[in-house]
Every structure is written in structure tokens, then in C-alpha cells.
Amino acid sequence: IPEWGRNIFSDFCIQLRPESPEHVGRFLKYALALVHFHLQFARLALPVKSTDDARGPGKEKTREIHESHARFSANQLRNDKTRQILEKRFGADTAREYMERMMFDVEPFPPGRS
């Protein structure tokens, strides 16, 4: 995985170069199995509830999720490959604005939850 990818992808990220249509088929089967598992797990998972109670675990988990999203977004904004693809299609200014305001926009952590 390239250096920029290490800051974005999880330790479970798989990188491969399929050498045949059979390899592509096996990978697609694997990817669909992961999506199926994710959807089944999501049906069973309980939502994280934010709470104003400083002792509650919801507040800590909400902050952790927000910080992870902010870190992912900051690293994606430094990803030149994504920027270059968008710049070729839309121009530099529109690509920058789209990435910063749509794709990887991060609101500050809500007041009263810090």
C-alpha cells in the first residue's frame, strides 16, 4: 500500500492485481461476501447515542467516531490522485471546492459535547 494509503486505509485493506478474469471473479465474490456480512451486522448493531452526561460512554464513542472521520477526511484532502482526477474533469477551483465542501467536509465537534 502506498504511503498515502497507510494514513487512509485500515489494517484490513487488501491490495491486489488480478492476473486473470478468474482472479477478478474470485475477488468480486469475496467483496460481495464482505458487503453481505456488513449489511447483516449493521442490522444487529445498536446505534451510538450521544449523551450530555459526561460519565456516559456515548459521548466518548461519538467523539472517537468524529475524530476518525476528521482524520480520514484530512488525509483524503491530501490525496493528489483524487484531486487530479477531479481537476481534469472540472478544473482546479471546482475540484478543490467539491473536495473540501462535499466529499470531505468535517463540521466541528458539536458544542456542549467537547
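**A colleague's note on the helices, a surface patch and the aromatic pairs**

1. Let us start with one residue: leucine 34 sits in helix α2, which covers residues 21-44. Please keep in mind as you read that this is a predicted model. With a relative accessibility of 43%, leucine 34 is classed as partly exposed, because that label covers values between 20% and 50%.

2. Leucine 34 also belongs to a nonpolar surface patch, together with Ile14, Leu16, Val24, Phe27, Leu28 and Tyr30. Taken together, the residues of this patch offer about 590 Å² of accessible area.

3. Now for the overall picture. The protein chain contains five helices and zero strands, so its pattern along the sequence reads α-α-α-α-α. Of its 114 residues, 15% are buried. The accessible surface of the chain is about 9700 Å², and carbon and sulfur atoms account for 57% of that. Among contacts with a separation of 6 or more, 45% are between residues 24 or more positions apart.

4. How many aromatic pairs does a search of the whole structure find? There are two. In one of them, the ring centres of phenylalanine 37 and phenylalanine 41 are 6.1 Å apart and the planes meet at 25°, so this pair counts as stacked. Both residues belong to helix α2, and because they are four residues apart there, about one helical turn separates them.

5. Are these two rings buried or exposed? Phenylalanine 37 is exposed, at 54% relative accessible area, and phenylalanine 41 is exposed too, at 51%. Both labels follow because exposed means over 50%.

6. Another aromatic pair is made by phenylalanine 72 and phenylalanine 104, in an edge-to-face arrangement with 6.2 Å from centre to centre and 65° between the planes. Phenylalanine 72 is in helix α3 (residues 57-77), while phenylalanine 104 is in the segment after α5 (92-103), so the pair ties together parts 32 residues apart in sequence.

7. What about the accessibility of that edge-to-face pair? Phenylalanine 72 is partly exposed, with a relative accessible area of 32%. Phenylalanine 104, in turn, is buried at 10%, because buried means under 20%.

8. One last spot to look at on your screen is a charge over a ring. Arginine 63 lies over the face of phenylalanine 109, at a distance of 4.3 Å from the ring centre.

Key. Residues are numbered from 1 along each chain as its sequence is written. This is a predicted model: local features need pLDDT of at least 70, side-chain atom pairs count only at pLDDT 80 or more; totals for chains, interfaces and linings use all residues. Side-chain values use heavy atoms; hydrogens and water are left out. Patches are made of residues with over 30% relative accessible area and no salt bridge: like charges are joined within 9 Å, nonpolar side chains (Val, Leu, Ile, Met, Phe, Trp, Tyr) within 5 Å. Accessible areas come from the Shrake-Rupley method with a 1.4 Å probe; for residues, only the protein chains shown count as cover. A salt bridge is a side-chain nitrogen of Lys or Arg within 4 Å of a carboxyl oxygen of Asp or Glu. Helices (H or I, at least four residues) and strands (E, at least two) are DSSP runs, numbered from the N terminus. Buried means under 20% relative accessible area, exposed over 50%, partly exposed in between (1.4 Å probe, protein chains only). Rings of Phe, Tyr and Trp (its six-membered ring) pair if their centres lie within 6.5 Å; planes under 30 degrees apart count as stacked, over 60 as edge-to-face and the rest as tilted. A charge sits over a ring if NZ of Lys or CZ of Arg is within 6 Å of the ring centre and within 35 degrees of the ring normal. Contact means heavy atoms within 4.5 Å.
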